[in-house]
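User: I should like a close look at the part where the two chains meet, followed by an account of the charged pairs elsewhere. Please explain each term as it arises.

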Amino acid sequence: MATTYLAAVNMILKELNEVELSSGNFSSAVGIHAYTKDMINKAYFEIVNKEEEWPFLIEGDPEEPEMGSLYIETVVGQKWYKLKTASADIRSDFRSVDWDTFYLTEYGVTGASTPYITGELHFISTEMYKKYYRDRDNQSLYAGATTYDTPVRIFRSADSRSFGVSPLPDKVYRIYFSAWVQPTALSAHSDECVVPDVWMNVLYDKARHYLWLFKKDMEQAREAKADFKEGLAKMRRNLIDSVPDDMLDDRVRY
Amino acid sequence: MPELLPYTTVSSGGLDLSAPPYELLRTPNVALLLNNFEVAVSGGYRRINGFTLYGTTSATRPEGANKILGIEPYALGVVVCVDTSVYYSEDGITWLQINKDTTSGGKTAAQMPATAALDRPNQGRAQMKMMTAPTGRTTTTYGVLNVATGDDNLARFRIEGTGGSRTFHWEEYTTGAPTGATYIENHEKHMCVVDSVNAPSTVYYSNNNDDSDYTGTGSGSIVVPEKIVGIKSFRSALYIFCDTAIYKLVNINDASTIAIETVTARLGCVSGYTIQEIGGDLIFLATDGLRTIAGTERISDVELGTLSHKIQPLLKDILDDSADFTFASTVIRNKNQYRLFYTNESNEYVTQKGLIGTLRPNLETGTMAFEWSTTLGIEVSALASGSDAGGEEVSYHGDLDGYVFTHDSGSTFNGTNIVYTYQTPDIDFGDAGLGKTLHYMLLSIKPEGAQDIKLKVSYDFNSPSLVQPAQQDVGTVSFPSYYGTGVYGTATYGSITPIKRVNLRGSGTSAAFKFSGVDANPPFTITGFYITFVPSDRR
């Protein structure tokens with residue numbers, strides 16, 4: 001069970017020997033209690049901003065067989081696709097996108113049948129696209145559908161909100177990729193922290209750091225900061241760092 | 001590690017409702033609420049005793065639901081005035097009507113019920129005063145109790161002898177003035193009375209050593225220009241309390257020098273039932289607060305003369321509505337206490353209020369001063385203290401429903417849980433601008449049995465800008481068992497004055513502590529507490 005915002009705040013208040021909040025007075029908290037609420041969010045953002053690809057912020061289901069957590073279906077002859085179709089502006093876009101995960105497949109497309117066309121979509125820079133592929137794709141667009149083909153590469157739009165495909169798609173494909181959502185500030189007492197419980201102590205350490213600073217207890221603040229740094233490193237190793245492809249036992253038997 | 005600082009305060013000084021909050025920051029010993037507590041002579045704030053029915057579980061009322069008009073310990077029991085009758089009881093179960101035509105020979109207890117009653121149809125608030133060996137009654141067993149109840153004849157009651165053959169005597173004064181008697185006092189060998197109905201500004205005084213005659217040698221009367229509301233003998237003078245002035249009658253035994261002297265013409269007394277002698281002085285409710293007569297004589301109408309300036313806001317409320325109240329007071333000598341009850345007959349039992357003033361030495365100056373607390377839930381229509389047959393001090397009070405109680409006894413208000421509250425002022429721990437996080441309290445407490453005290457801490461004058469802690473239990477305090485009372489397997493070991501640790505939560509620049517409860521547990525005394533806190537910021 002995930003830790004609620006109320007539980008997280010009360011954890012810090014208990015450490016500070018302050019009165020705990022309840023669901024009844026949570027929203028109307030004032031003074032150090034309101035500050036503690038703010039600092040839980042600040043600590044959360046601090047953790048989130050340290051890395052782009054925290055697994056607890058990934059959008060969709062990362063267990064998809066196509067190795068992406070979400071997909072977009074292409075439209076015949078359409079070059080540009082919004083990464084997050086429901087997003088109104090950049091503030092609600094994905095926080096980050098893994099451009100190495102884009103993968104094209106017919107699997108799951110209505111009317112498609114085996115053998116499915118599949119393939120990696122390679123990311124190229126906008127400059128590269130303009131230099132080598134833009135004119136060809138434009139000619140294709142003018143010539144009509146007969147010149148469309150299966151996309152093999154992708155590139156990013158200038159505002160980073162969309163991606164383009166090249167060549168222009170000749171049919172409907174699914175393009176899978178992985179993306180991470182923006183962190184959402186905790187607000188209601190029942191809001192659940194997305195950080196796994198086992199790593200909540202890292203968040204608490206950072207929040208304690210801010211609270212001890214508030215209380216002018218520099219020694220406690222320093223200790224909390226050191227705990228945070230150590231905890232964050234462990235968290236990163238456990239949640240993000242890749243497992244090595246090969247392992248070597250270099251012990252020597254005498 | 002942050003520095004954990006200590007702060008200790010004792011509980012003394014009683015209520016202080018007059019000082020401004022910032023002055024109170026530095027007087028943590030006083031209280032802003034001290035309800036159903038009393039300042040203990042030996043220090044600390046003690047939850048008061050309750051009161052129990054006189055006659056305990058078998059108690060009866062003297063005369064149904066008629067309110068008790070007067071009460072006085074006498075002989076082996078108490079005398080009470082109710083409606084048109086006067087009763088005597090030694091057990092609170094059987095009440096013997098004593099306003100009977102006992103004739104000069106008196107009647108035995110067995111004869112009394114069949115003896116014709118001498119109804120007192122105009123009976124109002126009653127005052128009773130004893131003369132133990134007046135002329136003609138020098139060998140009386142218990143003395144003669146003079147009964148003044150308003151526009152009825154002044155009466156004298158006595159019991160002669162002991163056991164079943166003892167006789168009860170009721171005599172009424174019908175010779176002439178005073179034709180009635182409301183206020184009565186024994187002064188310098190004379191019984192002095194005021195008939196507030198027929199001669200409200202006249203003091204009549206009896207013959208020398210004789211409370212049965214107001215016409216013979218040594219008797220007389222004096223008149224003052226104001227309505228008298230009470231009289232009290234103090235040292236060599238009879239103080240005459242009027243509604244707008246105070247006089248004293250001096251040299252009552254010397255016809256050539258007897259005189260009326262003015263104590264003050266600038267203030268009067270609200271009620272004669274508030275006048276008591278305590279601490280070598282007379283205390284009374286004046287039109288500007290509680291005063292001593294000595295202080296009033298010295299500085300007349302200056303407010304400095306009041307001894308109640310610390311509870312002046314409370315007294316102002318009382319004085320503003322004084323016409324609505326029935327006042328009753330007494331002195332509990334073994335506690336150095338003056339108790340004043342002001343009962344509004346229109347109000348519920350539980351809302352009736354009173355004041356308790358304990359005379360004790362000031363910790364800093366050593367001078368004796370009153371320290372005040374309040375009562376809530378004690379309805380008093382009549383009140384008196386005296387000594388029982390064994391010489392022990394005992395107090396009784398009567399209520400509006402006709403019950404008679406042993407005052408200041410037991411742990412409940414006749415079975416009703418006692419609601420008590422002691423709240424300190426906000427304490428700044430030495431720096432009103434510095435935030436502090438409180439860690440724990442060491443409460444110095446003298447329990448007299450099990451208790452269930454609640455503690456509520458509030459920060460920064462109970463600021464709505466802070467999340468205030470919820471009320472918490474103080475927790476179990478081990479109390480000592482005494483030889484002869486402890487039961488093997490039940491009684492617990494405990495210190496006489498244990499220290500109870502109470503963990504605290506929260507922070508602020510100042511904190512106030514409220515100890516409260518509603519229970520039937522025995523009293524306890526809070527003598528002070530120690531707080532640990534961590535100073536933090538000046539935000």
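Analyst: Contact here means heavy atoms within 4.5 Å. By that rule, 18 residues of chain B are in contact with 20 residues of chain A. The model is a predicted one, in which local features need pLDDT of at least 70 and side-chain atom pairs count only at pLDDT 80 or more, while totals for chains, interfaces and linings use all residues; side-chain values use heavy atoms, with hydrogens and water left out. Residues are numbered from 1 along each chain as its sequence is written, and chains are lettered from A and ligands numbered from 1 in the order in which they are written.

Confidence is considered next. The pLDDT is the predictor's confidence in each residue, from 0 to 100. Chain B averages 91, and 95% of its residues score at least 70. For the complex, the predictor gives an ipTM of 0.72 and a pTM of 0.85. Helices (H or I, at least four residues) and strands (E, at least two) are DSSP runs, numbered from the N terminus. Among the elements of chain B, helix α2 (residues 293-299) has the lowest mean pLDDT, 77, and strand β34 (residues 418-423) the highest, 98.

We return to the interface. Buried area is the accessible area (1.4 Å probe) that two parts lose on being put together, summed over both. Chain B and chain A bury about 1,400 Å² between them, and 51% of this lies on carbon and sulfur atoms. A salt bridge is a side-chain nitrogen of Lys or Arg within 4 Å of a carboxyl oxygen of Asp or Glu. Between chain B and chain A the count is one salt bridge: A:E20 pairs with B:R505, with their closest N and O atoms 2.9 Å apart. On the side of chain B that touches chain A, strand β35 (residues 436-447) of chain B gives the most, with three residues. By class, that side has eight nonpolar residues (Ala, Val, Leu, Ile, Met, Phe, Trp, Tyr, Cys and Pro), three charged ones (Asp, Glu, Lys and Arg) and seven polar ones (the others, Gly among them).

The charged pairs extend beyond the interface. Side chains of opposite charge can pair when their charged atoms come close. Over all chains, the structure holds 36 salt bridges. In one of them, the side chains of B:K335 and B:E38 meet at 3.1 Å, N to O. This pair links distant parts of the chain, 297 residues apart: B:K335 is in the loop between β27 (325-332) and β28 (337-344) of chain B, and B:E38 is in strand β3 (residues 37-39) of chain B. Both B:K335 and B:E38 are buried, a term that means under 20% relative accessible area, with exposed over 50% and partly exposed in between (1.4 Å probe, protein chains only).

B:K335 also forms a salt bridge with B:D408, the closest N and O atoms being 2.8 Å apart. B:D408 lies in the loop between β33 (404-407) and β34 of chain B, 73 residues from B:K335 in sequence. B:D408 counts as buried because its relative accessible area is 16%. These residues belong to a network of salt bridges that links B:E38, B:R46, B:K335, B:R339, B:D408 and B:E448.

Two members of that network, B:R46 and B:E448, are among the residues that B:P523 touches, not counting residues up to four places away in sequence. B:P523 lies in the loop between β40 (511-519) and β41 (524-535) of chain B, and B:P523 counts as buried because its relative accessibility is 4%.
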